[in-house]
Amino acid sequence: MNDARRAAPTAEIITAARVVTPGGVRERCAVSVRDGAIATVSALADDVEPEHDLLAPGFVDLQVNGHDDIDVATMTEAQWSPMRHILAEQGVTTWFPTLVTSARDHYAERLDHLAGFAEDSETVGAPTVGGVHLEGPYLGERHGAHSDVPDGPIDLDWLTALPTIVRIMTLGPERSNAVEATRLLVERGIVVALGHTAATYEQVTACVDAGATLFTHCFNATAPLHHRTPGAVGAALSDDRLAISLIVDNVHVHPAVVRLAARCKPVDKTVLITDAAGWRSGRLGTERIEVRDGAPRLADGTLAGINLTMDVAVRHVAADPALGLEVAMRAATANPAALVGLTDRGALTAGMRADLVAFSDAGAVAGTWVAGHRAH
């Protein structure tokens with residue numbers, strides 16, 4: 001591991017033709033950065049040509065299983081630097097390594113390993129690990145590509161013993177003691193997400209009453225909506241207490257359904273995730289995968305993770321005239337940051353951490369800054 005820690009960054013001014021702020025997109029701005037934070041956002045002088053086309057807050061990805069040939073469950077020290085470069089290249093400044101379901105006795109070593117990487121993410125110029133997302137092991141009936149999902153009730157003692165690096169956990173609300181598990185996790189400060197489920201509307205609502213605040217990759221690995229039995233999707237779309245995460249690769253969810261979902265939710269309750277997997281490695285956890293028809297799949301065609309980057313997801317949403325740039329950016333920045341309690345980032349305004357991503361006029365990521373340090 002790299003033992004260097006963040007030094008105080010030097011002051012910098014970043015200019016852009018458009019800047020995404022909490023109040024909307026501002027034209028021709030200069031953003032000054034000092035000591036790792038945004039100092040000012042001001043109008044750019046008429047005689048200054050902006051360096052970038054667009055400047056926005058850095059992306060926050062709540063669900064990353066891997067990228068390219070790297071699986072976070074087995075990531076080595078040699079792969080850590082390439083992984084953070086991959087993230088920075090797509091504008092991600094905070095990320096949550098995600099472990100798919102495995103045998104429960106495998107978690108302790110993997111979580112300890114990821115805690116070490118999280119500590120190392122405090123080095124200069126590295127996207128920050130916000131915590132670990134456990135996608136399982138206590139998923140519901142629609143566990144899809146996840147193997148080793150245990151039967152029976154959720155082991156509350158196991159939840160109690162989870163280390164503090166765990167910040168999000170996806171579980172199935174149809175589990176017999178899901179409400180008790182939700183309360184326990186929320187008391188520990190862990191965000192409870194519901195997913196991989198065939199739960200009823202009432203089962204989801206009971207977990208939301210107990211403190212669940214997120215629905216994992218809405219529509220995927222979930223029983224479909226029915227007009228008389230709304231089920232989990234009906235609860236996710238109609239309960240304003242629940243945020244939904246969406247995989248917008250134009251494979252997992254049709255663009256029209258993305259539009260419908262975003263219209264159903266309050267402006268702060270839609271979150272973009274990549275759910276990216278180390279697809280090039282040919283594995284997701286213990287399962288063999290290969291890319292077919294635009295996404296990684298098991299041999300039987302079941303979708304298994306995604307070969308998606310956050311900048312592409314944002315572009316897909318921004319290109320929809322019914323949603324647009326501001327909706328897309330909020331879903332990748334302020335909304336996920338607020339959901340996990342990261343109040344120091346996710347918005348491009350004075351006083352916030354200088355996590356930033358710049359784009360060229362062609363839409364490519366042209367620069368990424370983490371706490372004022374150039375990461376890409």
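**Group meeting: the whole chain, then Thr76**

Okay, charges to start: the protein chain carries 30 positive and 47 negative side chains, and the centres of those two sets sit 3 Å apart. Lys and Arg count as positive, Asp and Glu as negative, with His and the chain ends not counted; each charge is placed at NZ of Lys, CZ of Arg, CG of Asp or CD of Glu.

Bear in mind that this is a predicted model, where local features need pLDDT of at least 70 and side-chain atom pairs count only at pLDDT 80 or more, while totals for chains, interfaces and linings use all residues. Residues are numbered from 1 along each chain as its sequence is written, and side-chain values use heavy atoms, leaving out hydrogens and water.

Now the fold. We've got 10 helices and 22 strands in the protein chain, taken as DSSP runs (H or I, at least four residues, for helices; E, at least two, for strands), numbered from the N terminus. Along its principal axes, the C-alpha trace spans about 65 × 50 × 40 Å. Buried residues, meaning under 20% relative accessible area with a 1.4 Å probe and protein chains only, make up 56% of the 376 residues.

So where does Thr76 lie? Thr76 is in the loop between β7 (70-71) and α1 (77-89). At 37% relative accessibility, Thr76 counts as partly exposed, that is, between buried and the over 50% cut-off for exposed. Leaving aside residues up to four places away in sequence, Thr76 touches His113 and Phe117, contact being heavy atoms within 4.5 Å. As for Arg315, Thr76 is 239 residues from it in sequence and 31 Å from it in space, C-alpha to C-alpha.
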